[in-house]
Amino acid sequence: MTTYEVESIATVVGGHTRVQDDYQGGVESVIRLNEAYPLETLQGIEGFSHLTVTWRFHLAQLEDVQLHARSPRGNSQWPATGTFVHRNHRRPNQLAVSYPRLLSVDGRDLLVTDLDAVDGTPVLDLAPYFQEMGPRGSIRQPAWPREMLAEYWRDAAERPGAGLP
């Protein structure tokens, strides 16, 4: 296998403080660009409403990777599906892609909401979301993702026992 060395370009500051499956919505955080990159690398980004953010599950361990079929969230009512059908830290490279809303830009700080990464998460890449590059055609998926993710973007303040994001 070919391996690649990747360095983070930014870090998530604030926002969610613990890993949770649901209640990801309504939390603001900052994506802080590393000092190694000149400010002009962000020039024009404020004109976009959403970003495409690639990040690493930095709190995951290599032992978390599961290369076999299993039911999502351990729920036997949902079908066992393979590793590459899941979107979590149990994947080999422990990477994620999110599409947070960009609220404002202040120097190296991109204020976003609805980023489902936790404080301290390394950001490997970011780009504006181009609607024209989104999925083409109608979207098809089984019923279980809709059932599983029914509370995913629910506002974090509505989480039972809410307090800390």
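Biologist: How much space lies in the second largest pocket?

Modeller: Rolling a probe the size of a water molecule over the atoms shows where empty space is left. In this structure, which is a predicted model, about 330 Å³ of space lies in the second largest pocket.

Biologist: Which residues line the second largest pocket, and how do they divide into nonpolar, polar and charged?

Modeller: Its lining is made by Met1, Thr2, Thr3, Tyr4, Val6, Arg56, Pro92, Asn93, Leu95 and Leu124. Sorted by character, six of these residues are nonpolar, three are polar and one is charged.

Biologist: What volume does the largest pocket have, and which residues lie nearest its centre?

Modeller: The volume of the largest pocket is about 1500 Å³. A total of 45 residues line the largest pocket, and Arg87, Asn88, Asp116, Leu149 and Tyr152 are those that lie nearest its centre. If you want to trace its lining on the structure, look for β3 (51-56), β4 (95-98) and α1 (143-148), which are the elements that give two or more residues to the lining. The lining of this largest pocket divides into 21 nonpolar, 11 polar and 13 charged residues.

Biologist: Now to the strands: in what order do they form the open sheet?

Modeller: Follow the sheet from one edge to the other, and you meet seven strands in the order β4-β3-β7-β1-β2-β6-β5, with antiparallel pairing. Because β4 and β5 (101-106) stand at the edges and have a single partner strand each, one side of each is left without a neighbour in the sheet. On average, and with direction ignored, neighbouring strands of this sheet are turned by 30 degrees against each other.

Biologist: Which strands does β1 pair with?

Modeller: Strand β1 (residues 10-13) pairs with β2 (residues 28-33) in the antiparallel sense over four bridges, and there Val12 has Ile31 of β2 as its bridge partner. On β7 (residues 122-128), β1 has an antiparallel partner over two bridges, where Ala10 is matched with Val123.

Biologist: Which residues of β1 are on the covered face, and which are on the uncovered one?

Modeller: In a regular strand the side chains alternate between the two faces of the sheet. In β1, Ala10 and Val12 make up the covered face, while Thr11 and Val13 belong to the uncovered one.

Biologist: What does the pairing look like towards the two edges of the sheet?

Modeller: Take β4 to begin with, which pairs with β3 in the antiparallel sense over four bridges, and in which Ala96 is the bridge partner of Trp55. As for β5, five bridges join this strand to β6 (residues 109-113), again in the antiparallel sense, and Asp106 stands opposite Asp109 in β6. The strands β5 and β6 form a hairpin with two residues between them, and Gly107 in the turn has a positive phi of about 65 degrees.

Biologist: Where is the place of Arg18, and is this residue buried, exposed or partly exposed?

Modeller: Arg18 is found in the loop between β1 and β2, and with a relative accessible area of 36% this residue is partly exposed. Between the C-alpha atoms of Arg18 and Arg140 there are 31 Å in space, and the two residues are 122 residues apart in sequence.

Biologist: Which residues does the UniProt annotation "domain: TsaA-like" cover?

Modeller: According to the unreviewed UniProt entry, this annotation covers residues 6-138. Over residues 6-138 the chain is 0% helix and 29% strand, and the end C-alpha atoms are 34 Å apart.

Note on methods:
Residues are numbered from 1 along each chain as its sequence is written. This is a predicted model: local features need pLDDT of at least 70, side-chain atom pairs count only at pLDDT 80 or more; totals for chains, interfaces and linings use all residues. Side-chain values use heavy atoms; hydrogens and water are left out. On a 1 Å grid over the protein atoms alone, a cavity is a set of points where a 1.4 Å probe fits but cannot get out, and a pocket is an open set with protein on both sides within 12 Å along at least five of seven lines; lining residues have an atom within 4 Å of a point. Grid points are joined across faces, edges and corners, and a volume is the space filled by probe spheres set on the points. Ala, Val, Leu, Ile, Met, Phe, Trp, Tyr, Cys and Pro count as nonpolar, Asp, Glu, Lys and Arg as charged, and the others, Gly among them, as polar. Buried means under 20% relative accessible area, exposed over 50%, partly exposed in between (1.4 Å probe, protein chains only). Two strands pair if DSSP finds at least two bridges between them. Axes are lines fitted to C-alpha atoms, for helices over the stretch in contact, and angles run from 0 to 180 degrees between N-to-C directions. UniProt positions are given in the numbering used here, feature names are shortened, and annotations may be inferred rather than shown by experiment.
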